[in-house]
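Here are my notes on the aromatic contacts. Please read them with the structure open.

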Amino acid sequence: MKHLLLVFLGGGFGSVLRFLIGKYLNSTETGIPYGTFVANILGSLLIGIILGLAAKNDSLTQNQTLLLATGFCGGFTTFSTFAYENHVFLKSGDFTSFAFYTIASFIVGFLAVFLGMFLVK
């Protein structure tokens with residue numbers, strides 16, 4: 001139960017921060033989502049730092065990792081997890097899984113958006 005609460009709290013803070021960044025940086029004039037881009041890049045950087053610290057000499061506890069990586073970065077952006085997982089594939093030399101996961105994530109993700117929009121029409 002404690003783990004769920006840590007993920008919940010971290011996710012809430014991450015989601016609120018992403019909302020604020022999007023609110024102030026996304027361009028309504030051009031439609032370019034600068035805020036989303038910034039959140040995705042920052043989230044990728046943060047999850048790399050957090051999981052790197054967790055792996056390096058057990059610098060972070062499991063609870064801290066759940067709060068920061070799973071919770072905060074998960075709420076801030078799901079792209080950070082995607083980027084980290086692809087880093088793991090590349091680092092291990094698993095180029096087939098990297099290619100399949102990346103292509104499938106984009107295609108299925110886009111299709112899910114279109115399906116969701118179609119279902120609510």
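1. Start with Phe82. In this predicted model, Phe82 has a relative accessible area of 14%. Phe82 is therefore buried, because the cut-off for that label is under 20%.

2. Phe82 pairs with Phe106, edge-to-face. The ring centres are 5.7 Å apart. The planes make an angle of 85°. That angle is over 60 degrees, so the label edge-to-face applies.

3. The contact between Phe82 and Phe106 joins distant parts of the chain. Phe82 sits in helix α4 (residues 79-91). Phe106 belongs to helix α5 (residues 95-120). The two residues are 24 residues apart.

4. How accessible is Phe106? Its relative accessible area is 40%, so Phe106 counts as partly exposed.

5. Phe106 also pairs with Phe110. Here the centres lie 6.2 Å apart, within the 6.5 Å cut-off. The planes stand at 65°, so this pair is edge-to-face. Phe106 and Phe110 are both in helix α5. Four residues separate them, about one turn of the helix.

6. Phe110 is exposed, at 53% relative accessibility. The label follows because the cut-off is over 50%.

7. Now the wider picture. The count is six aromatic pairs. Ring pairs join Phe79, Phe82, Phe89, Tyr101, Phe106 and Phe110 in a cluster. Within that cluster, Phe82 is buried, Phe106 is partly exposed and Phe110 is exposed.

Conventions. Residues are numbered from 1 along each chain as its sequence is written. This is a predicted model: local features need pLDDT of at least 70, side-chain atom pairs count only at pLDDT 80 or more; totals for chains, interfaces and linings use all residues. Side-chain values use heavy atoms; hydrogens and water are left out. Rings of Phe, Tyr and Trp (its six-membered ring) pair if their centres lie within 6.5 Å; planes under 30 degrees apart count as stacked, over 60 as edge-to-face and the rest as tilted. Buried means under 20% relative accessible area, exposed over 50%, partly exposed in between (1.4 Å probe, protein chains only).
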